[in-house]
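Hi everyone, thanks for making time. I'd like to walk you through a structure that is new to most of us, so please have a look at it with me.

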Amino acid sequence: MAVILATESSVSQLIKEWDQRESLRPPSYRGAMRPMLEGLSRGDELADALPEAAVSPCWRKTLATWTAEQNSEPEWVDWDLVRRGQELWGRHLGRAFVALTAALLQGFTIARFAEVLRHAGYAQSPWTSCKRYSSTAFFISDWFRYPLDDPQSVARQGIYAVRAMHSFARRRSRKLFSMDRGEGLALSQYDLGEVLLGFTAVCLFFMETEMGMPRFSRQDREAMVHTW
């Protein structure tokens, strides 16, 4: 009983510290989640170095010139595993999109995301939001269906476009965040880490529990996570 009370007290204190009405600072994570906080002040160096015209939703024809210079591929990437993951996501595409939508709706409860969407104009009207998330759905469909190891593929072009959109929103929301208050940058690498957790762990959990699907094997899980 004492252990339970101590745990409840710790959780209550953490919730009090992470009051999203007061600050956009992330939770004071401990354990396995804590390394994510190291990305709080990191954006996207290549996208953020582009002129604003190249990342603006109103004018993105210059995006093609960006593809000549890209981040080097990480040593740990396994393209065979990526392709296996794409095949699995595509096989369960309908369920995957329902699960992704559930993860997205949960993300709206995080002020760091919701405030950026509102300030950048992506939530200014129902029609604007509809276009924004329809666009996201088509991007995700392309990522599951086209080669991710080809810099000129439809999938990779979609990734460049999303990075440009994020850079635009990061610039528009710059004044919302304070380094001095420990809030970091809008749409930082820390935020990207949270999104990846949502689009992998949350989606797989939702598919296996709420949809009554058989549990994925460890090998299939690894491939599906590796794709993201």
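I'll begin with the overall picture, then go to the core, one helix, and a few salt bridges.

A word before the details: this is a predicted model. The chain has 228 residues, and 40% of them are buried. Its secondary structure comes to 10 helices and zero strands, so as you follow the chain from the N terminus you meet α after α. Of the contacts with a separation of 6 or more, 70% join residues that are 24 or more positions apart. On the outside, the accessible surface is about 13,700 Å², with 59% of that belonging to carbon and sulfur atoms.

Now, let's go inside. Which residues have the most contacts inside the largest nonpolar core? They are W89, Y122 and W143, in a core of 40 residues. Helices that each supply at least two residues to this core include α3, α4 and α5, along with α10 towards the other end. The largest share, seven residues, comes from α8. If you pick out W143 and skip its neighbours within four places in sequence, you'll find contacts with Q86, L148, A155, G158, I159, V162 and W228.

Y122 also turns up next to S129, a residue of helix α7. Beyond its own neighbours within four places in sequence, S129 touches Y122 and A123. S129 counts as buried because its relative accessible area is 18%, under the 20% cut-off.

Next, helix α6, residues 111–119. Its buried residues are A111, R112, F113, V116 and L117, and the elements covering them include α5, α7, α8 and α9. After α6 comes G121, with a positive phi near 95 degrees.

Finally, the charged side chains. The structure holds 14 salt bridges, and E208 is a nice place to look. Is E208 buried or exposed? It is buried, at 9% relative accessibility. E208 meets R221 in a salt bridge at 2.4 Å, N to O. That pair links distant parts of the chain, with E208 in α9 and R221 in α10, 13 residues apart. E208 also pairs with R215, at 3.5 Å, and R215 is exposed at 64%.

For a salt bridge within one helix, try R83 and D80, at 2.9 Å. Both sit in α4, three residues apart, about one turn of the helix. And R84, E87, R91 and D220 are linked in a network of salt bridges.

Thanks for listening, and I'm happy to go back to any part of this.

Methods: Residues are numbered from 1 along each chain as its sequence is written. This is a predicted model: local features need pLDDT of at least 70, side-chain atom pairs count only at pLDDT 80 or more; totals for chains, interfaces and linings use all residues. Side-chain values use heavy atoms; hydrogens and water are left out. Buried means under 20% relative accessible area, exposed over 50%, partly exposed in between (1.4 Å probe, protein chains only). Helices (H or I, at least four residues) and strands (E, at least two) are DSSP runs, numbered from the N terminus. Contact means heavy atoms within 4.5 Å. Accessible areas come from the Shrake-Rupley method with a 1.4 Å probe; for residues, only the protein chains shown count as cover. A nonpolar core is a set of buried Ala, Val, Leu, Ile, Met, Phe, Trp, Tyr and Cys residues joined through side-chain atoms within 4.5 Å. A salt bridge is a side-chain nitrogen of Lys or Arg within 4 Å of a carboxyl oxygen of Asp or Glu.
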